Amino acid sequence: QLTPSSFLRIGQLSNVDLNEDVRELETELPRQHPNEIPHNEKLLSLKYESLDYDNSENQLFLEEERRINHAAFRTVEIKRWVICAMIGILTGLVACFIDIVVENLAGLKYRVVKGNIDKFTEKGGLSFSLLLWATLNASVVMVGSVIVAFIEPVAAGSGIPQIKCYLNGVKIPHVVRLKTLVIKVCGVILSVVGGLAVGKEGPMIHSGAVIAAGISQGRSTSLKRDFKIFEYFRRDTEKRDFVSAGAAAGVSAAFGAPVGGVLFSLEEGASFWNQFLTWRIFFASMISTFTLNSVLSVYHGNAWDLSSPGLINFGRFDNEKMGYTIQEIPIFIFMGVVGGILGALFNALNYWLTMFRIRYIHRPCLQVVEAMLVAAVTATVAFVMIYCSRDCQPIQGSSVAYPLQLFCADGEYNSMATAFFNTPEKSVVNLFHDPPGSYNPMTLGMFTLVYFFLACWTYGLTVSAGVFIPSLLIGAAWGRLFGISLSYLTKGSIWADPGKYALMGAAAQLGGIVRMTLSLTVIMMEATGNVTYGFPIMLVLMTAKIVGDYFVEGLYDMHIQLQSVPFLHWEAPVTSHSLTARSVMSAPVTCLRRIERVGTVVDILSDTSSNHNGFPVVESNPDATQVAGLRGLILRSQLIVLLKHKVFVERANLSLVQRRLKLKDFRDAYPRFPPIQSIHVSQDERECMIDLSEFMNPSPYTVPQEASLPRVFKLFRALGLRHLVVVDNRNEVVGMVTRKDLARYRLGKEGLEELSLAQT
């Protein structure tokens, strides 16, 4: 059995080439690690389950609702607000921690390397400086990569694709664990300090989601501690709503954009939405930005100032010199087209690279070696570029943190070094705000070219890192270049300010890579603190998205598809009306009778070939006249709790001794229900009967077998179902529709295509 050891090994198919014959399969199994893992993106993995978003309205649920009075429901509502506030505060604090640690460690590294370079510039022997820089980078990244590859592979990448899947209703293993959060935070710090072409903004979204999932449950399964609070929220419905709030709080801590956070979670994430949820999410985002702001202000020593709302602050753009005129609109649209094309190129390159990684670099040790290689190469490339650059700028009046002199005259610094010899966030701000003439066009062109390939190579490594900042940096560099060439053409006309074009280029590049429109517009507006540019930014992003979508899909969607996740989009494929529920459903269905033998239940649950999670319950004694109609639906997790507590009919007359099961027993077993193998049922108990009528959901959603695929899809997607029972006109169960049956169909190049399922 292959051990999962990388974020991208999810899409792994060691021996599921579906037409392979059985003999080959048997010879394939003993070899632990095949050299090449055949991977096919036209597959859906069976290892992902859906979340139970739909409440089971069984008798226990109704009894609890009768017991709770109106006042108690009000306290539940208050608890929700309290949890949202706590999510905001903790997300803000985690962001502060990351920011402060990165600033200090990176500052230390740059000071050491700068001192070394200055020393060796005079004496000769700069190769020692290069060695020092590359070794520092590689060793830091090695630690960051080892913890991800060997301890928690889910923490790799930015985590946005995984959170997107979770909010879509797919249960991705380990994605919201405490361990993942710890590894994520440490991994981000190490990969940014290690000088990789990455940002720390993307992972904040994942961190916020983990914090939300943890707080709302009132206990930690990783630490085995139960705080006995918030027990009401221990189910998928509530947890998932809180996770969308956590993701929004993460965005708003990263960019200082609370409204952008809400829109992000609306656009990318939550599949179900209501007004109360919006308001709570906005509250969490606001609190998170405020917390970050106040802590960082205190840390920077101006406690009452509140001047750093987000981890990245693009600085203020002045309105006087930064207006735009009507004749610039076509220029902005053109920049959007360029951004879309470059973004599509980035995604296509990253796609091939990721396929290569899934196939050949699937062992943890290889992944660590690759990460160290990228770190060393990044340092070497940066050093060579700085070494060869002859672009010198006067030092006074410029705000460079670590000016490198190298071969420039005294009182001057090397301007290529401001781009490379800095954390990416600082470089972006420099490109936006440095006065015209700070950069040589040649410098910017070379930098864009090199950084584009570095960032593309870095995304998808086994380190936790985001793609937001590198894409902003690439865009800002070519945007500034564009602005400089414009002012050459127009003989230095006032409106061709390079900073403005750097901003538009950054928006175009980011929009071309991740394809978010609404939330990205608002995030850029909030991060620059400028509403004047709302319209141009929106134009640029729309153009970039339209142009990019013509070639290839967005980066996050691509990675979701590469991991073979059964992701449901907003609509069913357009041409699918001819398919009916009968042709889509899985059949035959394993049904249980309403009063069933315990032995039968145990055998059905232990059968490894059919790993079903929901069982329709039918009438128990069908005689000749009566049809075995559908009576309800019961989940595997509920059956396991019933077997664990041994709720059998034979014991019902001992009801004085044995307390009845309450909903609390089901909630305490959530989220890690014990496997059936761990529950011991003796031979006598196998002969007992079990009555499912008060535990099953008596009114599951059903569709007739003639319903068309779009209708089934709409019902399933809008209600967040996990199981949809297909019945015939006599109300007998004929099939079951689950997430995989619907996600199988999608529009390909030739029209509707059907993906195959694989146990990967």
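# Exercises on a predicted model

The cover over the buried residues of helix α14 includes α13 (415-420), α15 (441-458), α16 (468-489) and α17 (498-514). The structure is a predicted model, and the exercises below start from this helix.

## Exercise 1. Helix α14 and the loop before it

Task: state how many residues of helix α14 (residues 424-433) are buried, and which they are. Then place N422 and list its contacts beyond its neighbours within four places in sequence.

Solution.

Step 1. Helix α14 has 10 residues, and 7 of them are buried, which leaves the helix mostly covered.

Step 2. The buried residues of α14 are P424, E425, S427, V428, N430, L431 and F432.

Step 3. N422 belongs to the loop between α13 and α14. Its relative accessible area is 8%. The cut-off for buried is under 20%, so N422 is buried.

Step 4. Once neighbours within four places in sequence are set aside, N422 contacts Y110, S427 and N430. S427 and N430 also appear among the buried residues of α14.

## Exercise 2. Strand β10

Task: decide whether strand β10 (residues 614-618) is enclosed or open, and give its partner strands with the sense of each pairing.

Solution.

Step 1. In β10, 5 of the 5 residues are buried, so the strand is largely enclosed by the rest of the structure.

Step 2. Take the faces separately. G614, P616 and V618 lie on one side, F615 and V617 on the other, and all are buried, so both faces of β10 are covered.

Step 3. Strand β8 (residues 592-593) runs parallel to β10 and is joined to it by 2 bridges. Within this pairing, R593 stands opposite V618.

Step 4. Strand β11 (residues 630-635) pairs with β10 in the antiparallel sense, over 5 bridges. G614 has L635 of β11 as its bridge partner.

## Exercise 3. An open sheet and its helix

Task: give the strand order of the sheet that contains β14, explain why β13 and β15 are edge strands, and place helix α26.

Solution.

Step 1. The sheet is open and has 3 strands in the order β13-β14-β15, with mixed pairing.

Step 2. β13 (702-704) and β15 (733-737) each have a single partner strand, so one side of each is left without a neighbour in the sheet. That puts both at the edges.

Step 3. From one strand to the next, the twist averages 30°.

Step 4. β13 pairs with strand β14 (residues 724-727) in the parallel sense over 3 bridges. T702 is opposite V725 of β14.

Step 5. Helix α26 (residues 709-719) lies across β13, β14 and β15, and runs at about 150° to β14.

## Exercise 4. Aromatic pairs

Task: classify the ring pairs F233 and F242 and F383 and Y387, and say how buried each residue is.

Solution.

Step 1. The model contains 21 aromatic pairs. In one of them, F233 and F242, the ring centres are 5.4 Å apart and the planes are at 80°. Planes over 60 degrees apart count as edge-to-face, and F233 and F242 form such a pair.

Step 2. F233 is buried at a relative accessible area of 0%, and F242 is also buried, at 3%.

Step 3. F383 and Y387 have ring centres 6.3 Å apart and planes at 20°. Planes under 30 degrees apart count as stacked, and this is the class of F383 and Y387.

Step 4. F383 and Y387 both lie in helix α12 (residues 364-388), 4 residues apart, about one turn of the helix. An α-helix has 3.6 residues a turn, so residues three or four places apart point the same way.

Step 5. F383 is buried, with 8% relative accessible area, whereas Y387 is partly exposed at 36%.

## Exercise 5. A ring cluster and two charges

Task: name the members of the cluster that includes F230, and identify the charged ends that sit over the rings of Y232 and W570.

Solution.

Step 1. Ring pairs link F230, Y232, F233 and F242 into a cluster.

Step 2. Over the ring of Y232 sits the charged end of R235, 5.0 Å from the ring centre.

Step 3. Over the ring of W570 sits the charged end of R717, 4.5 Å from the centre. R717 falls within the residue range of α26 (residues 709-719).

## Exercise 6. The whole chain

Task: summarise the secondary structure, burial and contacts of the protein chain.

Solution.

Step 1. The chain has 27 helices and 18 strands.

Step 2. Of its 760 residues, 57% are buried.

Step 3. Among contacts with a separation of 6 or more, 78% join residues 24 or more positions apart.

Step 4. The exposed area is about 31900 Å², of which carbon and sulfur atoms supply 62%.

Definitions and conventions:
Residues numbered from 1 in each chain as written. Predicted model: local features only at pLDDT ≥ 70, side-chain atom pairs only at ≥ 80, totals over all residues. Heavy atoms only, no water. Phe/Tyr/Trp six-rings, centres within 6.5 Å; stacked < 30°, edge-to-face > 60°. Buried < 20%, exposed > 50% of the residue type's maximum accessible area, 1.4 Å probe, protein only. Lys NZ or Arg CZ within 6 Å of the ring centre and 35° of its normal. Pairing = 2+ DSSP bridges. Axes fitted to C-alpha atoms, helices over the stretch in contact; angles between N-to-C directions. Contact = heavy atoms within 4.5 Å. Areas by Shrake-Rupley, 256 points an atom, 1.4 Å probe, with all protein chains shown as cover.
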